[in-house]
Each structure stands twice: as C-alpha cells, then as structure tokens.
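Thanks for passing this one along. Here are my notes as numbered points, so that you can check each of them against the model as you scroll through it.

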Amino acid sequence: AERWRSSARKRPCLMRARRLSCWDGLAALALLLPSGAVYRTQRRVATYPLYAVVDEPLPPGARIVPGEVRKHPGNPLVVQDRPWEPRCDNSYPNIARTRDPGAKAATWHLWYGCMTSGLAFDRGPGTNRTLALLYANSTDGLAWRKPDLGIYDLAAGPEAVLAPHLAEHGTSNNIVAGDADGVGVMVDRRAPDSTGRFKAFGKGCFGPGGATGCVEGVAASADGLHWANATQVPFPPPQAYDCHQNAVYDPLQRAYLLTSRARVEGEREVAMAWSPRWPPEPSASFRVVNRGSLAHQLYSQVTFRHRGFLLALVAVYDAEEGPGTVRCLLARHLGNLSWAWVGALGPEGPPFIPLGPPGSFDDHIVFPANRPLTAGGQELIFYSGGNGPHYGARNTSLGLATLRRDGFVGVELTGRLVTRPVICRGETLWVTADMRHGRPKAVVQVGLEGSHRLAAARMVPLWRNCTHCVAVFRSGAHFGRYIGRKVRLEVLATDARVFSVGFYRAAASPAAVAGPAAVAPGAAARTHGDSERFETPV
C-alpha cells in the first residue's frame with residue numbers, strides 16, 4: 001500500500017494506469033466465465049426480492065411478473081392405486097421434510113385426502129362418501145411409499161357398509177385419520193417433538209385408531225401418524241371447514257397465520273386470521289381478504305413466507321366457463337392481509353402452474369400443496385392434478401412443479417429502477433436474474449444509487465442467466481463502508497427479468513458453475529444456464 005501511495009505521489013498517471021489494468025483484467029475474466037457462472041462465498045446474509053423493495057407504480061419499461069414454472073418429467077409421482085382410494089377428489093396435499101436427530105437423510109412426508117368408499121364415482125363426485133386422511137413418505141421427494149401403518153381399521157369403520165370388500169385389509173393401510181376433509185398439516189419447529197411438532201388444522205378424527213376424537217378444529221402429533229389433543233375450534237362465520245385449511249407460524253408476527261374459506265352470497269372466497277397461540281381461540285377473527293367472482297371463484301389458498309415476504313398460491317374454480325377447471329394462480333401480500341395478483345389479468349388470466357395437455361393427469365385441475373419447499377437450488381411446488389372436470393369423474397395424482405431459485409416473482413425490466421431503502425448487510429452485492437431468450441442485447445447491472453464508484457453503470461455487465469452473481473465494479477470498490485446503513489440500489493437492465501438482490505458478508509471469490517438447474521429434489525445446487533428462457537405472459 002505504501003508503494004502505491006509513493007508511486008501515486010511521484011507518477012499519478014502511472015498509478016491510475018495500474019489500477020485500470022488490474023480491474024479491467026478482472027472484468028475480462030468475469031466476461032470469459034462460462035454460462036451461468038456464479039461467485040460463491042461462505043454465506044449470504046441478505047436477500048431482497050426485487051418486486052418487494054420497489055415503489056409502485058413502476059416506471060415505464062418495468063412490470064411485476066410471475067416466474068416460469070416447469071413440471072417434473074417424472075410426473076405423476078403418486079397415483080390412486082389402493083383399493084381404499086376410489087376417488088381422491090381434490091386431495092389437498094400437504095408436504096413436509098424433516099430430519100430426525102442422528103438420521104443420515106431427511107424424510108419427506110405427504111398427507112393427502114381420499115374418499116375411501118362411496119357410490120357412482122364413475123359419473124361424478126359420488127354419493128354416500130366416506131373420507132380419510134392418508135400418509136406416504138419418501139427419501140428423495142420423487143419415489144413415494146404408502147406404508148401399512150396399522151392404525152385405521154377398514155373392517156370396523158363406515159367403509160364396511162358401502163365397501164365390505166375392504167374389510168380384508170383391516171389395518172393394513174396408510175390411513176391416519178377417518179372422516180377427514182380439507183386437513184392442512186404443518187411442521188411447527190417451535191414445539192418440542194414430544195408435544196407434537198406436526199399440527200393438523202381441519203376436519204377429522206384424530207383420536208386412537210383414527211376413528212375417535214372427531215373435531216372441526218386442530219390436533220397435534222409427534223410423528224405425523226398418531227394424532228392426539230384433538231380440539232374443537234368453532235370459528236364464527238364467514239370461516240368454513242369445507243376446503244383445504246392452511247396454517248403457518250409467522251416469526252415476524254410471532255403468531256400463527258390461518259387461511260380458510262369464506263362463503264359470501266354463494267361465492268367461494270378466501271378468509272384469514274392471526275392467532276398468537278395454538279390451539280387457536282374461537283374468537284380469532286377471520287375476514288375475507290381475497291375475492292374472485294361468480295365465474296372465477298377462489299376455492300382455496302395456501303399462504304407462505306418466502307424471503308421475508310408473504311406469497312399465496314390460490315386455486316381458482318372456473319364455475320361458469322369451460323369444463324369445470326381449477327387453476328392455480330399466484331398472489332403477493334401488500335400489507336394488512338390485502339393481496340394483489342401477480343399477473344395483469346388476475347383470476348381470469350393464465351395460471352401460475354399451467355394445466356397439462358389434453359389426456360394428461362392434470363389437464364383439468366391443479367390444487368397446490370400446503371407450501372413450497374426449497375431443495376437442490378430450486379423452489380419445489382407439489383400439487384394435486386385432476387384429469388376430469390370438478391364435478392365429473394376423475395382421478396387425482398400428485399405432481400411436482402419447479403422454479404429457479406427465488407423465481408416466484410420477478411421484475412421484467414428494460415430501463416432503470418431504484419429500490420426503496422434496504423439495509424446493507426455485507427461487503428459484496430449480488431443479483432439473480434434471467435435474460436430474455438433471443439435478445440442478444442439483454443443485460444443487467446446493479447449498484448448503489450447516487451454513488452460514482454459503486455454506480456450500476458460501473459458494474460461489469462451480466463449478460464447470461466445467473467443465480468447470486470456478484471456485482472464486480474471496475475472501480476474495485478465494495479460496500480464495506482455501508483454495512484448496517486440503509487441504501488438505495490439502482491438496477492439497469494435491458495430485456496431481463498430480475499428476481500432478487502442481496503449481499504454477501506465478505507468479498508467473494510469466483511467459481512464457475514455451468515449448466516441448467518437440476519430438476520430432482522435433493523440434487524446438488526446449480527444455476528440456470530443460458531438454455532433457460534422465459535416468455536412474456538399474454
């Protein structure tokens with residue numbers, strides 16, 4: 001350092017030339033890295049989804065858009081293949097992943113609903129139906145097993161009347177609770193295992209044998225199989241227990257966020273409430289927070305927090321158009337439990353998870369699981385798919401859709417955008433973005449608004465799809481002096497979709513990781529290469 005200062009005093013022009021050569025060399029190296037190159041460090045300390053830290057209305061050339069969903073090539077993952085699964089209807093799947101102490105690998109859990117017996121399923125929803133909550137597990141989230149649990153006795157339950165042939169199976173089945181409908185299951189990591197880390201919210205029989213302790217309310221379980229502490233929770237209107245119930249603990253609010261259905265003048269709507277404790281008190285005030293229309297009714301909603309911000313997957317029932325489809329759309333939280341659709345057309349627009357082609361397992365219906373998961377460098381959305389109209393004959397199967405990391409919502413941008421003040425948490429700025437396919441001038445630059453050395457225009461441009469890519473500045477500057485302070489970030493882009501920005505704790509070293517993201521849960525983390533593309537929604 002002293003040599004540099006001495007040289008600068010004697011030969012300032014040479015000093016500037018040496019600096020220019022150094023950082024231009026690093027810039028050239030960055031440009032030569034393979035497609036999808038990222039810069040890794042020990043730890044990311046802040047992630048800000050861009051859509052959540054910009055003021056609206058957005059400037060011309062910018063709009064908030066949903067990410068591009070891809071369906072797993074191995075779909076469907078779970079099908080109706082047991083004698084006690086004549087119709088699984090909407091299924092309302094619940095997915096969780098846990099790792100027990102001392103276990104070498106995580107366990108994936110699936111709870112889903114089925115009608116265990118009934119009449120006339122070949123013509124529609126059926127009559128004289130009996131319902132149950134069933135269980136499956138997996139070691140990788142792809143290959144699922146339906147174990148014989150020895151809990152529920154098909155020879156002693158109501159199935160013995162309508163389906164006496166099931167009696168021979170006795171307790172050799174995967175049913176955990178009888179008379180169950182719309183049950184949502186969550187993993188409460190605040191609760192000790194011995195008192196029930198798994199929590200159920202909905203209608204079912206949660207006592208011994210899955211035939212006692214029948215409530216419309218909540219229950220708890222230490223293993224997700226044997227349920228207890230069934231508690232009746234009679235919420236006042238407009239809440240109703242006739243669809244997928246959803247509960248999640250929100251650490252920011254220090255409360256449980258409950259999502260349910262409301263019936264308002266014959267329409268299906270979404271109702272939500274906060275509860276500071278579990279079991280929730282009946283006095284918890286549900287209110288309608290999201291509305292559709294008679295033609296496009298909001299059937300159910302699963303609510304989750306991603307990167308500190310609430311998002312929701314909403315099942316929309318097309319009641320008056322087409323063949324009775326149910327489509328899955330995406331919504332974002334605006335505050336005070338008010339929501340906005342991600343997509344210009346709202347519930348009438350294209351779905352977030354598209355329906356399958358004619359003849360596929362999900363060509364009519366898509367119901368999202370209780371919450372997405374992150375694994376293998378991707379966002380995983382499990383869902384139940386139906387191959388027939390809502391009120392018609394159909395089978396139901398479990399499917400998997402994937403997104404690139406942080407890819408739920410992006411800002412499609414050609415121009416300049418400045419964020420609201422965010423807290424700088426580290427020395428190194430990074431960005432996650434995709435370039436629009438077929439646009440050779442697509443590029444992204446990010447930097448500190450109002451700065452010269454850290455200006456976005458001085459960042460080495462990113463011109464390929466990347467995840468958590470470091471912002472390298474030709475000036476050699478970093479954000480060390482701004483740590484702990486609020487800063488506004490500037491984004492310059494052409495034909496790009498920017499998903500998130502954030503900070504690394506310390507300066508990062510480059511490491512190239514090429515190739516498109518793996519699709520299988522549990523696979524090694526990768527980035528999206530330049531073979532990835534997105535299409536502008538209609």
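1. Cys-205 is a good place to begin: in this predicted model Cys-205 has a relative accessibility of 4% and therefore counts as buried, the cut-off being under 20%. Its bonded partner is Cys-214, with the two sulfur atoms 1.9 Å apart. Buried or partly exposed, which is Cys-214? At 45% relative accessibility, Cys-214 falls in the partly exposed class, so this disulfide has one buried end, Cys-205, and one partly exposed end, Cys-214. The link of Cys-205 and Cys-214 is right-handed, with 100° about the S-S bond.

2. How many disulfides does the structure hold? There are 2, and the other bond joins Cys-88 to Cys-114, at 1.7 Å from S to S. Here the link is right-handed, with 65° about the S-S bond. Distant parts of the chain are brought together by this pair, 26 residues apart: Cys-88 is in the loop between β4 (70-71) and β5 (94-98), and Cys-114 is in strand β6 (residues 107-119). Cys-88 has 5% relative accessibility and counts as buried; Cys-114 is buried as well, with a relative accessible area of 3%. If you number the bonded cysteines of the protein chain in sequence order, you get the pairing 1-2, 3-4.

3. Two further cysteines deserve a look for their surroundings. Cys-243 has a relative accessible area of 0% and is therefore buried. Cys-424 comes out at 1% relative accessibility, which also puts Cys-424 in the buried class.

4. Next, the aromatic rings. The structure holds 21 aromatic pairs. One of them is formed by Phe-361 and Tyr-383, which are stacked, with 6.1 Å from centre to centre and 25° between the planes. Where do the two partners of this pair lie? Phe-361 sits in the loop between β21 (338-341) and β22 (365-368), and Tyr-383 belongs to strand β24 (residues 378-386); the pair links distant parts of the chain, 22 residues apart. Both Phe-361 and Tyr-383 are buried.

5. Ring pairs also build a cluster, and you may like to display its members together. Which residues are linked in this way? They are Tyr-92, Tyr-299, Tyr-317, Phe-367 and Tyr-391. Tyr-299 has a charged neighbour too: Arg-261 lies over the face of the Tyr-299 ring, at 4.5 Å from the ring centre. A second arrangement of this kind involves Arg-97, whose charged end sits over the ring of Trp-108, 5.2 Å from its centre.

6. Now for the backbone. Most peptide bonds are trans, and most residues other than glycine have a negative phi. Against that background, please check the peptide bond from Glu-56 to Pro-57, which is cis with omega near 5°. Pro-57 is placed in the loop between β2 (44-49) and β3 (62-66). The bond from Trp-278 to Pro-279 is also cis, with omega near 0°, and Pro-279 is found in the loop between β16 (267-275) and β17 (287-290).

7. Positive phi values are worth a glance as well. Asp-179 has phi near 45°, a positive value in a residue other than glycine. This residue is part of strand β9 (residues 175-187), and Asp-179 is partly exposed, with a relative accessible area of 38%. Asp-495 likewise has a positive phi, near 50°. Its place is in strand β32 (residues 489-504). Buried or partly exposed, which is Asp-495? Its relative accessible area is 17%, and since buried means under 20%, Asp-495 counts as buried.

8. Last, the surface. Leu-119, Val-161 and Leu-162 form a nonpolar patch there, and together these residues have about 260 Å² of accessible area. Leu-162 lies in helix α3 (residues 159-162). Why can Leu-162 belong to a patch? Patches take residues with over 30% relative accessible area, and Leu-162, which is partly exposed, has 32%.

Definitions and conventions: Residues numbered from 1 in each chain as written. Predicted model: local features only at pLDDT ≥ 70, side-chain atom pairs only at ≥ 80, totals over all residues. Heavy atoms only, no water. Patch = residues over 30% accessible without salt bridge, like charges linked within 9 Å, V, L, I, M, F, W, Y side chains within 5 Å. Areas by Shrake-Rupley, 256 points an atom, 1.4 Å probe, with all protein chains shown as cover. Salt bridge = Lys/Arg side-chain N within 4 Å of Asp/Glu carboxyl O. Helix = DSSP H or I, 4+ residues; strand = E, 2+ residues; numbered from the N terminus. Buried < 20%, exposed > 50% of the residue type's maximum accessible area, 1.4 Å probe, protein only. Phe/Tyr/Trp six-rings, centres within 6.5 Å; stacked < 30°, edge-to-face > 60°. Lys NZ or Arg CZ within 6 Å of the ring centre and 35° of its normal. Disulfide = S-S within 2.5 Å.
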